[in-house]
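Colleague: I am new to this structure and would be grateful for a close look at a single part of it. Please start from one residue, and then show how its surroundings fit into the rest of the model.

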Amino acid sequence: MLPNMSGVLDAFAQAITLKTIVQTVANFRPVDTPTTTTIMAVVQPANKEKISPALVDFSLDYILVHSKSAIGIGDFVVYKGATYKAIELGPYADYGFYEAICEESK
Amino acid sequence: MSLDALAAYVRDLLVYDASLIVIGRENLNRVTSGRGYILIDELVSTPMGRRYAYNGTTEVEQFVLDVKGAFTIDFFGDSAAANAKKFRLLQSSEKSFELQRTNGICVGHTTTITDLKSLDGNQFNPRFQIVVNVVSSEAATVSTLRIDTAVVQIINNE
């Protein structure tokens, strides 16, 4: 029986905005349909050195988000007025929470 | 636009799901294993000739550029190789010529199918690329008033 670790987030979580993106193709071009919700999440700066070199852009900000709410690749997180796009996920769903590395989106 | 015309040509030639044919890669989430996307992109294009026409009734100038360009067609998914080979075979069909006429493009025959997954750093998800030369025409129109009566002034510098 795997432990549910989601309670660890409660003391450090704050409300942020999550834009869940459903992508479809219309007229041969991808079309994003966002659904905006408010979720509780722990936000930390991400260590750029640990992000895949093929993905990282050192001129951008990266944050590490932990939440009980599911975050998918391509979803957007709005934190302190800045928008970040989830580019990498951590496999912690079995332990009760979700992890995402998000890249600043301009 | 050439990309739209080529996308429509590929869709109809292969009788393919239009929602899986995407132009370019801008803002497209990473293609996942098994999804049979076909991505169409344009490389360099070269003008071959220019044409001009003026319609005095509608008062519209038309500027036309004949362009030849290299386009890439990337096949993904479990049937990537089969679809790439099917495309290469069907290029010689009567349907192919009709679709080129309908879409206003001329698509050159391809000979090489390149396996790109190793260049992608991807060992498992198939990706095969075809490069085709496409000749098409681009046009732009400008509303220009017609001159009905020309006012001619002769300047004599004697």
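Modeller: A strand here is a DSSP run of at least two residues labelled E, and strands are numbered from the N terminus. The model is predicted. The residue I have chosen is B:Asp66, which is located in strand S3 of chain B.

The side chain of B:Asp66 has two partners to consider. One polar contact, of 2.7 Å, is made with the side chain of B:Arg51. Another, of 2.6 Å, connects B:Asp66 with the side chain of B:Ser137. Leaving aside residues up to four places away in sequence, B:Asp66 touches B:Thr46, B:Pro47, B:Met48, B:Gly49, B:Arg51, B:Ser136 and B:Ser137.

Strand S3 of chain B also holds B:Asp74, while B:Arg127 belongs to strand S6 of chain B. The side chains of B:Asp74 and B:Arg127 form a salt bridge with an N to O distance of 2.8 Å. Because the two residues lie in these two strands, the pair ties together parts that are 53 residues apart in sequence. Both B:Asp74 and B:Arg127 are buried.

The strand has a place in the nonpolar interior as well. The largest nonpolar core contains 35 residues, and B:Leu6, B:Val10 and B:Phe87 have the most contacts inside it. Strand S3 (60–76) of chain B is one of the elements that give two or more residues to this core; the others are H1, S1, strand S2 (38–55), helix H2 (80–90), strand S4 (105–107) and strand S6 (127–143) of chain B. H1(B) contributes the most, with nine residues. Beyond four places in sequence, B:Leu6 touches B:Ile40, B:Phe71, B:Ile105, B:Val107, B:Val132 and B:Val134. A second core, separate from this one, has 14 residues, among them A:Leu18, A:Ala41, A:Ile63 and A:Tyr84.

The salt bridge in strand S3 can now be set beside others. Over all chains, a search of the whole structure finds six salt bridges. In one of them, the side chains of A:Asp10 and A:Lys68 meet at 2.9 Å, N to O. A:Asp10 is in helix H1 (residues 7–10) of chain A, and A:Lys68 is in the loop between strand S3 (62–67) and strand S4 (76–79) of chain A, so the pair links parts 58 residues apart. A:Asp10 is partly exposed, at 48% relative accessible area, and A:Lys68 is also partly exposed, at 43%.

Another pair crosses between chains, from B:Asp4 in helix H1 of chain B to A:Arg29 in strand S2 (residues 29–45) of chain A. Their side chains meet in a salt bridge of 2.9 Å, N to O. B:Asp4 has a relative accessible area of 23%, and it counts as partly exposed because buried means under 20%. A:Arg29 is partly exposed at 30%.

This pair leads to the interface, where the count between chain B and chain A is one salt bridge. Two residue pairs are in polar contact across the interface, both at pLDDT 80 or more. On the side of chain B that touches chain A, helix H1 (2–14) and strand S1 (21–23) of chain B are the elements that give two or more residues. H1(B) supplies the largest share, four residues. By class, that side has nine nonpolar, three polar and three charged residues. In total, 15 residues of chain B are in contact with 10 residues of chain A. The area buried between the chains is about 1,000 Å², with carbon and sulfur atoms giving 50%.

Definitions and conventions. Residues numbered from 1 in each chain as written. Chains lettered and ligands numbered in written order. Predicted model: local features only at pLDDT ≥ 70, side-chain atom pairs only at ≥ 80, totals over all residues. Heavy atoms only, no water. Contact = heavy atoms within 4.5 Å. Buried area = accessible area lost by both parts, 1.4 Å probe. Salt bridge = Lys/Arg side-chain N within 4 Å of Asp/Glu carboxyl O. Polar contact = N/O pair within 3.5 Å; in protein donor to acceptor, adjacent residues only side chain to side chain. Nonpolar A, V, L, I, M, F, W, Y, C, P; charged D, E, K, R; others polar. Core = buried A, V, L, I, M, F, W, Y, C linked by side-chain atoms within 4.5 Å. Buried < 20%, exposed > 50% of the residue type's maximum accessible area, 1.4 Å probe, protein only.
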